[in-house]
Structure formats: structure tokens, C-alpha cells
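New to this one? Here's a quick tour to read with the structure open beside you.

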Amino acid sequence: MKHQIATAALALILGMATIWPAQAQEICLPELNPQDSAQSCGGDPGGGGGGGGTPGYVLQGVIQNEGYTTEGAVPGGKRLKIRAYSRLADASNDRVDAHYINVRCNAYDPYGPGYTSDYDEENNGALVDVKFASNSVQGEFRTVRVVCTHHARFGFLTYDTTSSAEIVVPH
């Protein structure tokens, strides 16, 4: 009897995986790298092709440049203002409330091991975001590398993806 219950539970879990296939998607924002946006974003993502059903849910990982600030910067320096978020969406790109969702980001400065970071999480939410600033940059080394991990859980399924961007802070 116990073996039959375990077999039925496993079949139910595997059956749900075919209903809601886990997918992760990195979102490329051309405005972060305007000099070569088509190539850096992989060109047209396509989406045609036959076979298979409609995809289930997609975890989108997004990094946005929200400008620059001199607040807290060294004299002559600037800090990059960053917004990053995790968003769970269905095949129509409508938000879906995940049972749990989080985002963790690091902004690495060009001078070595220094970085700033932020983290946020939420239960029963479709989107969670962080807003923070990079370390101060100045002189000729002005590229900040932002790397984020995104995670969501919906039912028995987990969704994970990463996003990254290299952003040059102007003089």
C-alpha cells in the first residue's frame, strides 16, 4: 500500500512538471550597451518553430541603469544607481504570483575586489526588486559590472536564472 501511495505521489509530481515546465529567461536591455545592442542581445530571439505546447512560467531577470549620483562618491567620482528585479510571468507575459521570489545583486567596481550588493525576497509576489548604488568610480576606469541571481518557487517547481551587465559611468 505504501509503495502504491509513493508511486502515485511521484506520478502526480512528474505530471505537474509537464503542465508547468520550468523555464528561465535572461532579459537583455539594449540601452545598457547601445553601441552594439543587436549583437550583445543575441539579435532577434525568434520564437517560431513547431511542436510542443505553450511554455509555462518564465522567471525574468532584469538590470536597469537608473542614472548616476555624486552622493557618497569620492571627489570627481560618480556612483551608478542600479535597479534590478526578478519577475515571474506566464506565456502571455502577465505577472504570476510566485509562492516565493528573490533577487540578489552585486555591483563590482573596476579597481579590484570591491563591490556593493543588495538582496530582497517576498512571499506570494510576482515581482521583487532592489535599488542600490555602486562604489564610486573615477578617472579612466569607469566600468561597473552588475551580476544578479534570480530565484522563484511556484508549487513544486523552482525557477533560477542570472543576469549581468557592464555599464560605463560617464565622466
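A disulfide ties C105 to C148, with the two sulfurs 2.1 Å apart. Keep in mind as you look around that this is a predicted model. The notes below start with that link, then move on to the overall layout and a charged spot on the surface.

**The disulfide**
- The count for this structure comes to 1 disulfide, and the cysteines it joins are C105 and C148.
- This link brings together distant parts of the chain, as C105 and C148 are 43 residues apart.
- You'll find C105 in strand β4 (residues 98–108), while C148 belongs to strand β7 (residues 143–154).
- Looking for the handedness? The link of C105 and C148 is right-handed, with 115 degrees about the S-S bond.
- Don't expect to spot this pair on the outside: C105 and C148 are both buried.

**The overall layout**
- The protein chain has 2 helices and 8 strands.
- Starting at the N terminus, the elements go α-β-α-β-β-β-β-β-β-β.
- Of the 171 residues in the protein chain, 35% are buried.

**A negative patch**
- Over on the surface, D97, D120, E121 and E122 form a negative patch.
- One of these residues, E122, sits in strand β5 (residues 115–125).
- Is E122 exposed, partly exposed or buried? E122 counts as partly exposed because its relative accessibility is 32%, and partly exposed covers the range between under 20% (buried) and over 50% (exposed).

Methods
Residues numbered from 1 in each chain as written. Predicted model: local features only at pLDDT ≥ 70, side-chain atom pairs only at ≥ 80, totals over all residues. Heavy atoms only, no water. Disulfide = S-S within 2.5 Å. Helix = DSSP H or I, 4+ residues; strand = E, 2+ residues; numbered from the N terminus. Buried < 20%, exposed > 50% of the residue type's maximum accessible area, 1.4 Å probe, protein only. Patch = residues over 30% accessible without salt bridge, like charges linked within 9 Å, V, L, I, M, F, W, Y side chains within 5 Å. Areas by Shrake-Rupley, 256 points an atom, 1.4 Å probe, with all protein chains shown as cover. Salt bridge = Lys/Arg side-chain N within 4 Å of Asp/Glu carboxyl O. Lys, Arg positive; Asp, Glu negative; His and termini not counted. Charge placed at Lys NZ, Arg CZ, Asp CG, Glu CD.
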